[in-house]
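Got a minute to go through a model together? Here it is, followed by some questions and answers.

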2 protein chains.
Amino acid sequence: MQRRGLLTLMASAPLWASGCAALADGRAAEASPATLRGTGDLGVVIQRARGAVTVVNTSDRSLLGEITGLGDLSHASVVFSRDGRYAYVFGRDGGLTQVDLLRERIVHRVMQAGNSIGGAVSADGTLVAAQNYVPGGVKVFDAKTLELLADLPATYGNGQRSRVVGLVDLPQRRFAYSLFDADAICIADCSDPTRPRVHTLEGIGRQPYDALVTPDGRHYIAGLFGEDGLAMVDLWEPQPKVRRILAGYGRGQQPLPVYKMPHLRGWAVAGRHAYLPAIGRHEVLVVDTTTWQEVGRIPVAGQPVFVMARPDGRQVWVNFAVPDYDRVQVIDTPSQRVVDTLRPGKAVLHMEFTPRGDTVWISCRDDHLVRVIDTATRQTLATLAVDAPSGIFFTARAQRMGF
Amino acid sequence: MQRRGLLTLMASAPLWASGCAALADGRAAEASPATLRGTGDLGVVIQRARGAVTVVNTSDRSLLGEITGLGDLSHASVVFSRDGRYAYVFGRDGGLTQVDLLRERIVHRVMQAGNSIGGAVSADGTLVAAQNYVPGGVKVFDAKTLELLADLPATYGNGQRSRVVGLVDLPQRRFAYSLFDADAICIADCSDPTRPRVHTLEGIGRQPYDALVTPDGRHYIAGLFGEDGLAMVDLWEPQPKVRRILAGYGRGQQPLPVYKMPHLRGWAVAGRHAYLPAIGRHEVLVVDTTTWQEVGRIPVAGQPVFVMARPDGRQVWVNFAVPDYDRVQVIDTPSQRVVDTLRPGKAVLHMEFTPRGDTVWISCRDDHLVRVIDTATRQTLATLAVDAPSGIFFTARAQRMGF
């Protein structure tokens, strides 16, 4: 079924059919849903417009197949099961779909909210949590069955529900998330999912709109939409509390038009520095992660959206908001300078590194292609035809905290 | 065949048959070699005495089966294919065996040297390199077929061959390794494996006996057996050169008997500190990775062998040489203090963390068991019967540099 779906799509979309070499050269035959294969080199690409995901293999740099029927994927995100076999796809329409990458089919699908923006898997792999705008809250599911185990409504004030943003996994079946409407950060302990315990830090700053946890799981950082600066919590402290950092960073006093709020989840931590997209400005900010003070600014080609470190931290790759979203720039971190500017295609929406950083995969929505680039030579190694690709997610995310 | 082998072993080894619950409770039925499964939660345990490996699942905490016929595994090590499906097992007898974890069988096996101590897989997954004592050198194989692609004899002086130690993968099909007899560090570029280029740094210090690369791939560090101190190379410099660090660290002036030389590969880098096993002393050294100066010493229960950071860096776990090898200690890195002492079993030889650090697996050779411990509560979650277990290796190593 999946195979047929993809071929049908190819036939009806001659514009980008020329990029289909990876399917035409016989590799597709390997992609039979029953193929025994390792899952460490698999991933998915969101087909934003079609409500589908394409399964990809990062060793062959090939398309394996597609899975349709996933609903509204206009702002979709994906996390993976501990074994790398299943993708959990969070749709904007509140749909949560468990997809089997080996059989290339849907295993479970629940409409769990009216408007959802992503989720996380617990460190032990047993729980999947979804963060929802409407109704505002977090729902926790059994990762194998998608049975609902816990419902954590984001209630505040006189019983209103807040939109939830910035959900991340923490060690020990815990999750952290932020309440956009309630100016709060919550830490939920789901070690017994039937009796979740939520600790709420209030008054953290106005309108947290997204958040991240550093790769070591220590610092949870929320961006503030309603004022300048960010709210940071040191999760290793016995009694975590909120501290404000980077008072000059943010939306509040912003004199420039902002074409797209940057994704905080894309922040790069490389060595002892974090690289942040400036909001509205054509700059990447460099922050010392010991003092959390800004220590530099790197001029770039547009308003940065994703600022992502290659896994070894030696390079940081940056894409941009309209109208500069045909470009990608590469920052060399030892010298903190832009060393390359690429034009991979029209409407670059996302980038994903292979786990050891040898390649980066870039989705070019309006060219309907994913470009695979060698990060050292910056040569294109493959060009894969995918309809309006947006997010790219590889299974190695299952092995890392905060993804 | 593999299943039968394991059952036969169980019947003939009543001593530890009581620990076989994981096989008796029906999970073994899932382990049919034809089972479609993800490989992100698989691993192998070396059965040192029997020339076999046990395949394990870290989600179920179960034994899946075993693969025999791997030769002398008295000092074996393992690396994984990029997709997580295949283990490459390096035996002390020079055997290199490619094992299929899904079908639980040997795919390829070559006797490639007389005495080998390990290997590495290139960042792109296409090459497997073996480091050999006899004949001294490195051999590079096609990762799919084990066809020999390059032979890099470690020739020096009047044509002698040096033993090779400390082989690690670097970005771009490169490897670094050290020559024990030639006091040298080599960087081999195998981007064209038929024409490998080897750059040798000479006079790096007497008798490098083991080495590591930091998790970011930047610093290659070799321990010196013939004198105090370590040799370090900053691989990010345009012209890498050797610098001596930690002049007080080493074997040269050692006044204490050393029961077992610590494994450098086990060094922990957590945050901005590295935690090193002192040689001969009952101490773990703390080193600042910016200055590479010693900044502290933590007293521990014996001569440390492996000093390993939990993936998030918040804890460092330590095991010990004879006679203290029944113990494991846990260091809390923010306070740099020992916070727990465990006695997991007789003759603790190795430890391996699951990728997100929720559990640690510990091999207790003389109790013939592997203990799975929750790193937060330090409770035992499972006890698995394995004959004389030594090294434990999980497939997530395929996603990391220097493993």
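Contact here means heavy atoms within 4.5 Å. This is a predicted model, where local features need pLDDT of at least 70, side-chain atom pairs count only at pLDDT 80 or more, and totals for chains, interfaces and linings use all residues. Residues are numbered from 1 along each chain as its sequence is written, chains are lettered from A and ligands numbered from 1 in the order in which they are written, and side-chain values use heavy atoms, with hydrogens and water left out.

Q: What percentage of the interface residues of chain A are also interface residues in chain B?
A: On chain A, 45 residues are in contact with 45 residues of chain B. The copies meet through the same surface, because the share of chain A's interface residues that are also interface residues in chain B is 100%.

Q: What relation do you get from laying chain A on chain B?
A: Superposing by least squares on the C-alpha atoms of residues with pLDDT of at least 70 in both, chain A lands on chain B with an RMSD of 0.0 Å, after a turn of 180 degrees and a shift of 0.0 Å along the axis. So that's the relation of a two-fold axis.

Q: Which three residues supply 24% of the area that chain A buries against chain B?
A: Buried area is the accessible area (1.4 Å probe) that two parts lose on being put together, summed over both. Between chain A and chain B that comes to about 3,800 Å², with 48% from carbon and sulfur atoms. The trio that beats any other three residues on chain A's side is Leu36(A), Arg82(A) and Arg356(A).

Q: Which residue of chain A meets the side chain of Arg82(B) in a salt bridge?
A: A salt bridge needs a side-chain nitrogen of Lys or Arg within 4 Å of a carboxyl oxygen of Asp or Glu. By that rule, there are 4 across the interface of chain A and chain B. In one of them, at 3.8 Å (N to O), the partner of Arg82(B) is Asp358(A).

Q: Is Asp100(A) buried or exposed?
A: Asp100(A) sits in strand β6 (residues 95–100) of chain A; strands are DSSP runs of E, at least two residues, numbered from the N terminus. Leaving aside neighbours within four places in sequence, Asp100(A) touches residues including Arg85(A) and Tyr86(A). Buried means under 20% relative accessible area, exposed over 50%, partly exposed in between (1.4 Å probe, protein chains only). With a value of 3%, Asp100(A) is therefore buried.

Key
Helices (H or I, at least four residues) and strands (E, at least two) are DSSP runs, numbered from the N terminus.
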